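The following exercises concern surface charge, core packing and backbone geometry. Please attempt each task before reading its solution.

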Amino acid sequence: MHRSPAPDAALRAVSKDDLSSSLSDPILTALFQSSRDCIKILDTAGRIRYMNPAGLAARQLSAEMDVVGRHWWELWPLESHPLVQEATAKGALGETTDFRGFCPTARGRPKWWDVRVSPIQEAAGEVTGVLVVSKDVTDAVTNRKMYDTIALEMRHRLKNAFAVASAIAKISARQTPEHQGFAEDLVARFSSLAVAQGKLVEASSDFPLRSLVADLVDAAGVSEDTIDVNGMPDCLVDEAQMRVIAVVIGELTTNSLKYGALRNGGEIHCEGRIEDGWLHLSWIEPLQDVPDAAAEASSSTSTGLTVIQRIVSSAGGQVTRVMNEDGLRVDFSLVHQMADEAAD
């Protein structure tokens, strides 16, 4: 159980009466009193001068005078003192710091906190104190650990499930050779979906676009040097985008391996941009060395691109296809919300 030592007489001398006059503002006082976060005001030496009621309750403290006058880091486990002291020192110098840390309550209940430490400055810019706002994120951290455990099991189960399904498709095709092409397409789609599902259970939230495409290409047995993804934006994609992109890239790669540039040792160029809340991506495939019949099979009349049109449309996106003497170009767009916007 973690308890703070009793403050000595010198530290108790810093009392509620010593607070900045700004605390007498009724609106500010109401905000502090009504907040569900643990709010503390420190002097520049790191001693607690005020803690709001929600903070006292969250910390399982009986009264404000249990903490007034203590150095803030004394409420934390010993191993966290350097981190808390550094954040306090930066606040006293006018800097804002964020960190997440583990700190049990006064009665020993385990708690995780997201903490923001900010300077309190007068109009002239002089730092007169430090404001600390701590949010209890224990449930989020606990759930995250549980999720990670489940994700490990899910990744194993999904891998096995796709492997079994692929094996069944291959075995069935051996007995009915006329279904060989269908089985190959099915196995390729399973491969793309397996990669996407693996990323979904690995990623804490969003996933880097370039890494996703590189992994999808690798799953198809294509060298990273063959498909250039450097023209793609260096951004994150969420779960919904990841599923669509996995199917689109998987279908285009499979088509190209069967009929297009990749079958003939050619290269693919992928590019994109983010504009006005949309993620625009392009697949550019030269077909100069591809026979006319095979090139036509890479057009939108093929099953693969029909699948692409359906899944992109179902996600509220758009697809266009251009086929000319230079080759095949497939452009698709998805609604894109940046991580910082999603948090607002």
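**Exercise 1: A charged surface patch**

At 51% relative accessibility, Asp218 counts as exposed, because exposed means over 50% relative accessible area, buried under 20%, and partly exposed in between (1.4 Å probe, protein chains only). This is a predicted model, in which local features need pLDDT of at least 70 and side-chain atom pairs count only at pLDDT 80 or more, while totals for chains, interfaces and linings use all residues. Residues are numbered from 1 along each chain as its sequence is written, and side-chain values use heavy atoms, with hydrogens and water left out.

Task: State which element holds Asp218 and which residues gather with Asp218 in a patch of negative charge.

Solution. Step 1: Asp218 lies in helix H7, residues 209-219; helices (H or I, at least four residues) and strands (E, at least two) are DSSP runs, numbered from the N terminus. Step 2: Glu224, Asp225 and Glu267 gather with Asp218 on the surface. A patch joins like charges within 9 Å, using residues with over 30% relative accessible area and no salt bridge, that is, no side-chain nitrogen of Lys or Arg within 4 Å of a carboxyl oxygen of Asp or Glu.

**Exercise 2: Positive phi**

Task: Determine where Gln60 is found and whether Gln60 is buried or exposed; do likewise for the location and exposure of Asp276.

Solution. Step 1: Gln60, with phi near 55°, is found in the loop between helix H3 (53-58) and helix H4 (81-92). At 16% relative accessible area, Gln60 is buried. Step 2: Asp276 also has phi near 55° and is found in the loop between E9 and E10. Asp276 is exposed, at 72%.

Terms used
Patch = residues over 30% accessible without salt bridge, like charges linked within 9 Å, V, L, I, M, F, W, Y side chains within 5 Å. Areas by Shrake-Rupley, 256 points an atom, 1.4 Å probe, with all protein chains shown as cover. Lys, Arg positive; Asp, Glu negative; His and termini not counted. Charge placed at Lys NZ, Arg CZ, Asp CG, Glu CD.
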